[in-house]
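Trainee: I would like to learn how to read a model like this one. Can we go through it feature by feature?

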Amino acid sequence: MYTEKVMDHFMNPRNVGEIENADGVGEVGNAKCGDIMKIYLKIDNDIITDVKFKTFGCGAAIATSSIATELIKGKSVKEAITLTNRAVVEALDGLPPQKVHCSVLAEEAVKSAVSDYYKKIGREIDFDIGCDGCCESCSKEH
């Protein structure tokens, strides 16, 4: 059912935890399945120097959070906001169709964290975070 990479990131998640005084924090959730993801970003000169996550949810939610952090660490903020759920799925060598929503949450959590960073530094949000408002952690006014 799950690929070897999904199982590896579930059993040995990377970048777990939280960053005190994070430059950006994004939290998203899916009320239907109960998965909640929180991403913390440390940013220096527009480069993500550290990223951590805390996820409450199924194995796929943990795996997608873990791989998403690996995919954006060391990247520019502009590169991070181009992360797609498809890229997350591909990096994990696939997900069962009923678990693809976890990759969507990972994409939304990263974009929510960048959105928070942009708000803190007074920068206009120039991208769509893709949030459907299911967890009310973002504003539809972007």
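Trainee: Which residue follows helix 2, and what is the sign of its phi?

Mentor: This is a predicted model, so keep that in mind throughout. Helix 2 is followed by Gly74. The phi of Gly74 is positive, near 85°.

Trainee: How many residues does helix 2 have, and how far does it reach?

Mentor: Compare the span with the expected rise of 1.5 Å a residue. Helix 2 has 14 residues and reaches 20 Å from first to last C-alpha. That is close to the 20 Å expected.

Trainee: Is helix 2 mostly covered or mostly open?

Mentor: Mostly covered. Twelve of the 14 residues in helix 2 are buried. "Buried" here means under 20% relative accessible area. Among the buried ones are Gly59, Ala63, Ser66, Ile67 and Ile72.

Trainee: What covers these buried residues of helix 2?

Mentor: Look for elements in contact with them. The cover includes helix 1 (4–11), helix 3, helix 4 and helix 5, along with strand 2 and strand 3. Helix 2 lies across those two strands and runs at about 175° to strand 3.

Trainee: Now the sheet. In what order do its strands come, and is the pairing parallel or antiparallel?

Mentor: The general idea comes first. Strands of a sheet pair through backbone hydrogen bonds, in a parallel or an antiparallel way. In this model, three strands make an open sheet, ordered 1-2-3, with antiparallel pairing. Strand 1 (24–29) and strand 3 are the edges, each pairing on one side only. Direction ignored, neighbouring strands are turned by 15° against each other on average.

Trainee: How many bridges join strand 1 and strand 2?

Mentor: Six, in the antiparallel sense. For a landmark, find Glu27: Lys38 of strand 2 stands opposite. Helix 5 packs on the sheet, where it touches strand 1 and strand 2. The direction of helix 5 makes about 145° with that of strand 1.

Trainee: Which residues have the most contacts inside the largest nonpolar core?

Mentor: Leu41 and Ile72, in a core of 36 residues. Next, ask which elements supply it. Strand 2 (36–44), strand 3 (47–56), helix 2 (59–72), helix 3 (77–80), helix 4 (85–91) and helix 5 (100–121) each give at least two residues. Helix 5 gives the most, with nine.

Trainee: What is Leu41 in contact with, beyond its neighbours within four places in sequence?

Mentor: Read the contacts by position along the chain. Leu41 touches Ile19, Ala22, Asp23 and Gly24. Leu41 also meets Ile48, Asp50 and Val51. Further contacts of Leu41 are Ile72, Ala113 and Val114.

Key. Residues are numbered from 1 along each chain as its sequence is written. This is a predicted model: local features need pLDDT of at least 70, side-chain atom pairs count only at pLDDT 80 or more; totals for chains, interfaces and linings use all residues. Side-chain values use heavy atoms; hydrogens and water are left out. A nonpolar core is a set of buried Ala, Val, Leu, Ile, Met, Phe, Trp, Tyr and Cys residues joined through side-chain atoms within 4.5 Å. Buried means under 20% relative accessible area, exposed over 50%, partly exposed in between (1.4 Å probe, protein chains only). Helices (H or I, at least four residues) and strands (E, at least two) are DSSP runs, numbered from the N terminus. Contact means heavy atoms within 4.5 Å. The expected span of a helix is 1.5 Å times one less than its number of residues. Two strands pair if DSSP finds at least two bridges between them. Axes are lines fitted to C-alpha atoms, for helices over the stretch in contact, and angles run from 0 to 180 degrees between N-to-C directions.
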